Structure formats: structure tokens, C-alpha cells
Amino acid sequence: MTPSSWIAVWAGLVPPDAAVLDVAAGKGRHTQFFAARGHRVTAVDRDVTAIPASGTIEAIQADLEDGSPWPLPGRRFGAIVVTNYLHRPLFPVLLDALLPGGILLYETFMEGNERFGKPSRPEFLLKDGELLDLARGKFSVTAYEARMISQPKMAMVQRIAARLL
């Protein structure tokens, strides 16, 4: 499984000893990518059966949208990775779970994606500049994009790589 090109490019921002949280990890492509780089990785998803067991990978099954409490209370991470997932109520929880100086790597769909298919509902699409607004005053932004991509499929995405101040 190939990691997102955005995550692969900016993974070097994550310090070698940082614990990584992979949110909505899916089949674990970024979990495995960071584990292969020597990181301890915690993967959270409602279905973690596809994530391989490993001494450096902790898979936690949790539905992040059903109103249940955050499954990692009090845990903090040196990096948080989120791709192809948006649940705005998690934003404050994720910021609280990031250690000072920690890295946020976030990439997901934005308005305009509806012309290419799913996701197309507004609650699953970032508004113009939304990741920058989230970062403003809290992060030092290393890189940001809001653009159309053609790989792995046509889509409108926003991406950010930022360090928590």
C-alpha cells in the first residue's frame, strides 16, 4: 500500500522518536509507512482488522463519529496523520492530542470535489481555506495546498503540513 504523496513528502518533518497517531487509519497504509520509518504508531479506525499486528503498531477500534468518548484520553503524540477523513468535532480533540512542537499532516477533500463523485456532502468537504483557519495562531505552517489532483483519482483536496507552536 502506497502512502499519500503528500504524507510521504512531509514525513521527514516528524522527529525520529515521535509517536504517531493515524486517525481513521483504514487499511493502515500510513500506519505501516510510519512504522517502517521506526515510529511507534497508534492507528484508530472503526475497523482495524486490516491493520497488521506489530510490536510498533497499536490498533484501536473506535467509531469516532458515534458520540462515544475519545478512545485515547490523555494520550499525546508527536505527530498526527489524517487523510481522506473529515469529522469537524474531532478538531479540538486532535489539537489536544498533539504535543507542543508536534506535526500535523492532514489531507482531505474540499468543496468542489462533488463534481468528481464522493465525497460530495458538505459535512465531508473542507471549506475554502479551512485547514489554514484551523492552523492560524496555533501552528507554524510548513506547506499548504488547495488544489485539484488527478492521482489516485480526480479530486479537490486541501493539504497541510504544520508544527504546533
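**Exercise 1. Determine how strands S6 and S7 are paired, and by how many bridges.**

Step 1. In this predicted model, whose local features need pLDDT of at least 70 and whose side-chain atom pairs count only at pLDDT 80 or more, totals for chains, interfaces and linings use all residues. Residues are numbered from 1 along each chain as its sequence is written, and side-chain values use heavy atoms, with hydrogens and water left out.

Step 2. Strands are DSSP runs of E with at least two residues, helices are runs of H or I with at least four, and both are numbered from the N terminus; two strands pair if DSSP finds at least two bridges between them.

Step 3. Strand S6 (residues 139-149) and S7 run antiparallel and are joined by 10 bridges. Serine 140 has arginine 163 in S7 as its bridge partner, and a hairpin of five residues connects S6 to S7.

**Exercise 2. Identify the salt-bridge partner of arginine 159, and state whether arginine 159 is buried or exposed.**

Step 1. A salt bridge requires a side-chain nitrogen of Lys or Arg within 4 Å of a carboxyl oxygen of Asp or Glu. Arginine 159 meets glutamate 145 in this way, at 2.9 Å from N to O. The pair links distant parts of the chain, with arginine 159 in strand S7 and glutamate 145 in strand S6, 14 residues apart.

Step 2. Buried means under 20% relative accessible area, exposed over 50%, and partly exposed in between, with a 1.4 Å probe and protein chains only. Arginine 159 therefore counts as buried at 6%, whereas glutamate 145, at 25%, counts as partly exposed.

Step 3. Both residues belong to a network of salt bridges that links Glu107, Glu145, Arg147 and Arg159.

**Exercise 3. Explain which parts of the chain the salt bridge between arginine 88 and glutamate 130 ties together.**

Step 1. The closest N and O atoms of arginine 88 and glutamate 130 are 2.6 Å apart. Because arginine 88 lies in the loop between S4 and H3 and glutamate 130 in helix H4, the pair ties together parts that are 42 residues apart in sequence.

Step 2. Arginine 88 is partly exposed, with a relative accessible area of 23%, while glutamate 130 is buried, with 13%.

**Exercise 4. Describe how the buried residue aspartate 45 is accommodated without a salt bridge.**

Step 1. Aspartate 45 lies in strand S2 (residues 41-45). The nearest side chain of opposite charge (Lys and Arg count as positive, Asp and Glu as negative, and His and the chain ends are not counted) is that of arginine 46, 5.0 Å away.

Step 2. The side chain of aspartate 45 instead reaches the backbone nitrogen of glycine 26 at 2.7 Å.

Step 3. Counting contacts as heavy atoms within 4.5 Å, and leaving out residues up to four places away in sequence, aspartate 45 touches Ala24, Ala25, Gly26, Ile60, Gln61 and Ala62.

**Exercise 5. State which strand gives the most residues to the largest nonpolar core.**

Step 1. A nonpolar core is a set of buried Ala, Val, Leu, Ile, Met, Phe, Trp, Tyr and Cys residues joined through side-chain atoms within 4.5 Å. The largest has 33 residues, and those with the most contacts inside it include Leu21, Val23 and Ile80.

Step 2. Among the elements that each supply at least two residues are strand S1 (20-23), strand S4 (77-83) and strand S7 (155-164). S7 gives the most, with four residues.

Step 3. A second, separate core of 22 residues includes Val41, Ile103, Leu105 and Ala143.

How values were computed: A polar contact is a pair of N or O atoms within 3.5 Å; within protein, one must be able to donate a hydrogen and the other to accept it, and residues adjacent in sequence count only if both atoms are side-chain atoms.
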